[in-house]
Amino acid sequence: MTGTIAIFRRELAGYFATPVAYVFIVGFLLLAGIFTFYVGGLFERGQADLKPFFMFHPWLYVVLMPAVAMRLWAEERRSGTIELLLTLPVGLGGVVLGKFLAAWAFTAVALALTFPAWITVNLLGDPDNGVILAGYVGSLFMAGGYLAISACLSALTRNQVVAFVVGVVVCLLFTVAGSPMVLDAVTGWAPRVLVDALASFSFLTRFSAIMEGVIDLRDVVYFASLIAVWLFANTVAVDLRKAG
């Protein structure tokens with residue numbers, strides 16, 4: 001665990017050692033503000049809640065989380081530092097976990113900095129802050145899912161652009177899996193069990209319930225399991241590439 005914490009600190013400090021981190025955070029805050037107040041029409045709705053804020057998070061994360069994770073392993077391979085990293089007295093699983101937790105913590109910082117939106121709705125009315133808190137928790141878990149997927153894909157290449165593009169595509173598939181457009185396309189020929197299974201994989205389906213303030217244990221288990229599976233796949237991918 002000590003080694004994992006060391007990796008975590010190294011990676012988290014690495015984010016803030018360059019202007020890229022600050023550009024990302026500012027970009028995230030600007031996009032979140034635009035989608036909340038202009039596209040989502042927070043003021044025009046006449047309701048003191050943050051639904052317009054949270055409803056766009058899956059679509060923001062589809063692009064932004066692969067951008068955060070693309071450097072985790074691809075840059076290590078490109079620069080040749082991965083060999084040095086893997087010689088540290090830390091198990092491969094600890095390295096993978098430390099890198100992931102650093103990216104997740106960095107995302108949590110960006111998400112926490114959206115607190116002015118929460119202050120705004122409390123000044124405008126009397127919102128259900130329990131629902132808002134559930135939305136933040138669900139958003140953070142969902143971001144973790146996107147990050148775990150993107151980090152694993154980053155381990156398969158040394159090119160950050162390739163890691164980003166593939167990450168966006170795979171994250172998009174997990175996002176739209178339960179959308180009416182996709183479900184209508186497969187309902188005509190696929191058995192009901194397959195349709196329901198496809199819908200259950202959708203981040204939109206899982207997050208929409210949490211956004212309403214309903215934190216179902218099944219949704220939490222889904223995101224936690226998805227993160228664990230992709231981190232395990234990440235470990236296997238790094239190990240295989242190291243051996244090959």
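I'll start with R206, which sits in helix α14, residues 203-211. Keep in mind throughout that this is a predicted model.

R206 has a relative accessible area of 15%, and because the cut-off for buried is under 20%, R206 counts as buried. Which side chain does the side chain of R206 make a polar contact with? That partner is D219, at 3.0 Å. Leaving out residues up to four places away in sequence, R206 touches S200, R218, D219, Y222 and F223. So D219 appears both as the polar partner and in the list of touching residues.

Now the chain as a whole. There are 15 helices and zero strands. Of the 244 residues, 45% count as buried. Taking contacts with a separation of 6 or more, 76% of them are between residues 24 or more positions apart.

Next, the core. In general, nonpolar side chains in soluble globular proteins tend to be buried together. Here the largest nonpolar core has 62 residues. Which of its members touch the most other members? They are M65, W73, I149 and F203. Helix α10 supplies the largest share of this core, with 11 residues.

Let me stay with W73. Again setting aside residues up to four places away in sequence, W73 touches I82, L85, V95, V96, K99, A151, S154, A155, N234 and V238. W73 is also part of a helix pair, with L72, W73 and E76 in α6 meeting V95, V96, K99 and A103 in α8. The residues of that contact divide into five nonpolar, no polar and two charged.

How do the two helices lie relative to each other, and at what angle? Helix α6 covers residues 71-79 and helix α8 covers residues 92-112, and they pack at about 125 degrees with their axes 11 Å apart. That angle makes α6 oblique to α8.

While we are on α8, look at A112, which lies in that helix. A112 is partly exposed, with a relative accessible area of 48%. The C-alpha atoms of A112 and Y136 are separated by 8.6 Å, and the two residues are 24 apart along the chain.

A few individual positions to finish. T157 is in the loop between α10, residues 129-154, and α11, residues 160-176. Is T157 buried or exposed? T157 is buried, with a relative accessible area of 15%. A polar atom of the T157 side chain lies 3.0 Å from the backbone nitrogen of N159.

L198 is placed in helix α13, residues 192-200. Its relative accessible area is 28%, so L198 is partly exposed. From C-alpha to C-alpha, L198 and F174 are 9.3 Å apart in space, with their positions 24 residues apart in sequence.

Last is V39, in helix α2, which covers residues 19-39. What does V39 touch, not counting residues up to four places away in sequence? The answer is I34 and F56. V39 and F53 are 14 residues apart in sequence, and their C-alpha atoms are 9.8 Å apart in space.

To go back over the main items: R206 is buried and its side chain makes a polar contact with that of D219. W73 is one of the four named core residues that touch the most other members, and W73 is also among the α6 residues that meet α8. That is what I have.

Notes:
Residues are numbered from 1 along each chain as its sequence is written. This is a predicted model: local features need pLDDT of at least 70, side-chain atom pairs count only at pLDDT 80 or more; totals for chains, interfaces and linings use all residues. Side-chain values use heavy atoms; hydrogens and water are left out. Axes are lines fitted to C-alpha atoms, for helices over the stretch in contact, and angles run from 0 to 180 degrees between N-to-C directions. Helices (H or I, at least four residues) and strands (E, at least two) are DSSP runs, numbered from the N terminus. Angles under 35 degrees count as roughly parallel, over 145 as roughly antiparallel, 65 to 115 as roughly perpendicular and the rest as oblique. Contact means heavy atoms within 4.5 Å. Ala, Val, Leu, Ile, Met, Phe, Trp, Tyr, Cys and Pro count as nonpolar, Asp, Glu, Lys and Arg as charged, and the others, Gly among them, as polar. Buried means under 20% relative accessible area, exposed over 50%, partly exposed in between (1.4 Å probe, protein chains only). A polar contact is a pair of N or O atoms within 3.5 Å; within protein, one must be able to donate a hydrogen and the other to accept it, and residues adjacent in sequence count only if both atoms are side-chain atoms. A nonpolar core is a set of buried Ala, Val, Leu, Ile, Met, Phe, Trp, Tyr and Cys residues joined through side-chain atoms within 4.5 Å.
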